[in-house]
Amino acid sequence: MTAPVLVACAHGTRNPTGRRLIAELALAARRLRPGLVTTAAFVDVQPPTVADVVAELADAGRATVVVPLLLSGGFHVHVDIAGAVAGHSDAVAARPLGPDPRLVEVLYDRLVEAGADPRDPLTAVVLAAAGSSDPRSVADVEGTADLLQRSWAGAVTTGYGSAASPTVPDAVLAARRAGAERVAVASYLLAPGHFHDKLTGTGADLVTAPLLPDERIAAVLLDRYDAALGDSARTATRA
């Protein structure tokens, strides 16, 4: 029996490095699971759209699992991707990549690589996410911050690039006012692009690199694919 196609659905970016890293993430998943068919789709900025990809695969008789290459559940997950699979009996959507302890491990490593000391109680971290007006997305980001706080001596708070508050500059300022001697911005973004470019102007002492490349994220991607398949099978059994 042929396994469903894994549709890796990213936001989309005009940044060439960001595009390459997102493409390499899907290739890394394929290396971890030889024989798995993967393809890319996007919800914004660049083609092909996730709706078009799912429809084309359905027309070809292929089942699909759409895995959002997104770090929290917001409009793109609950509207764009959910809408793309609706009406196709052999298409299901997985949950987004975050929150997940492995993403927190990558964040921790990026902070240490950038020169932040996890043992220093006066080094605060602002977890910088793209932002969403959807409270479910904000809750996911705050959940990730809570996970990071478990292994970080200084305060860990959140900041957003758009649509949610506080902004990253406001969060950096608030951390300083709360007593931090050093503020690190942890880029909670998969790859370089518009939002990451803005982080250098937030007033932080250091800014981390995005999460990619890292093979742990490919493992999360495959876990989301497997979980969605399991959920689909249980639903079919009950029906």
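**Exercise 1. Decide whether alanine 163 is buried, partly exposed or exposed, and describe its backbone.**

Step 1. Alanine 163 has a relative accessibility of 55%. Exposed means over 50%, so alanine 163 counts as exposed in this predicted model.

Step 2. Find the residue in the chain: alanine 163 sits in the loop between strand 6 and helix 6.

Step 3. Now check the backbone. Phi of alanine 163 is near 70°, a positive value in a residue other than glycine.

Step 4. While you are in this loop, look at proline 166, which is also placed between strand 6 and helix 6. The peptide bond that leads from serine 165 to proline 166 is cis, and its omega is near 5°.

**Exercise 2. Do the same for valine 45: is it buried, partly exposed or exposed?**

Step 1. The relative accessible area of valine 45 is 33%. Buried means under 20% and exposed over 50%, with partly exposed in between, so valine 45 is partly exposed.

Step 2. Valine 45 belongs to the loop between strand 2 and helix 2. Its phi is near 75°, again a positive value in a residue other than glycine.

**Exercise 3. Work out the strand order and the edges of the sheet that contains strand 1.**

Step 1. Begin with a pair you can trace on screen. Strand 1 (residues 5–10) and strand 3 (residues 64–68) run parallel and are joined by five bridges. In this pair, valine 5 stands opposite threonine 64.

Step 2. Extend the view to the whole sheet. Its four strands are arranged as 2-1-3-4, an open sheet with parallel pairing. Strand 2 (38–42) and strand 4 (91–93) are the edges, each pairing on one side only. From one strand to the next, the twist averages 25°.

Step 3. Add a helix. Helix 2 (residues 50–59) lies across strands 1, 2, 3 and 4, and runs at about 140° to strand 2.

**Exercise 4. Describe the sheet in which strand 5 pairs with strand 7, and the helices that pack on it.**

Step 1. Six bridges link strand 5 (residues 123–129) with strand 7 (residues 182–187) in the parallel sense. Here leucine 127 stands opposite alanine 186.

Step 2. Strand 5 is also parallel to strand 6, through five bridges, with valine 125 opposite valine 156.

Step 3. Put together, four strands make an open, parallel sheet in the order 6-5-7-8. Strand 6 (156–160) and strand 8 (206–207) are its edge strands. Although an edge strand, strand 6 is mostly covered, with four of its five residues buried.

Step 4. Helix 5 (residues 135–149) packs on this sheet, where it touches strand 5 and strand 6. Helix 6 (residues 168–177) lies across strands 5, 6 and 7, at about 150° to strand 7.

**Exercise 5. Which residues touch the most other members of the largest nonpolar core?**

Step 1. This core has 49 residues, and the answer is Leu69, Leu97, Tyr188, Leu190 and Leu211. Helix 8 (residues 215–238) supplies the largest share, seven residues.

Step 2. Zoom in on leucine 211. Leaving out residues up to four places away in sequence, its contacts include Leu71, Leu103, Tyr188 and Ile217.

**Exercise 6. Where is the largest pocket, judged by its lining?**

Step 1. The volume of the largest pocket is about 810 Å³. Among its 38 lining residues, His11, Leu70, Ala130, Leu189 and Phe195 are the closest to the centre.

Step 2. Map the lining onto elements: helix 1 (16–32), helix 3 (75–85), helix 5 and helix 7 (194–198) each give two or more residues.

Definitions and conventions:
Residues are numbered from 1 along each chain as its sequence is written. This is a predicted model: local features need pLDDT of at least 70, side-chain atom pairs count only at pLDDT 80 or more; totals for chains, interfaces and linings use all residues. Side-chain values use heavy atoms; hydrogens and water are left out. Two strands pair if DSSP finds at least two bridges between them. Contact means heavy atoms within 4.5 Å. Axes are lines fitted to C-alpha atoms, for helices over the stretch in contact, and angles run from 0 to 180 degrees between N-to-C directions. A nonpolar core is a set of buried Ala, Val, Leu, Ile, Met, Phe, Trp, Tyr and Cys residues joined through side-chain atoms within 4.5 Å. Buried means under 20% relative accessible area, exposed over 50%, partly exposed in between (1.4 Å probe, protein chains only). On a 1 Å grid over the protein atoms alone, a cavity is a set of points where a 1.4 Å probe fits but cannot get out, and a pocket is an open set with protein on both sides within 12 Å along at least five of seven lines; lining residues have an atom within 4 Å of a point. Grid points are joined across faces, edges and corners, and a volume is the space filled by probe spheres set on the points.
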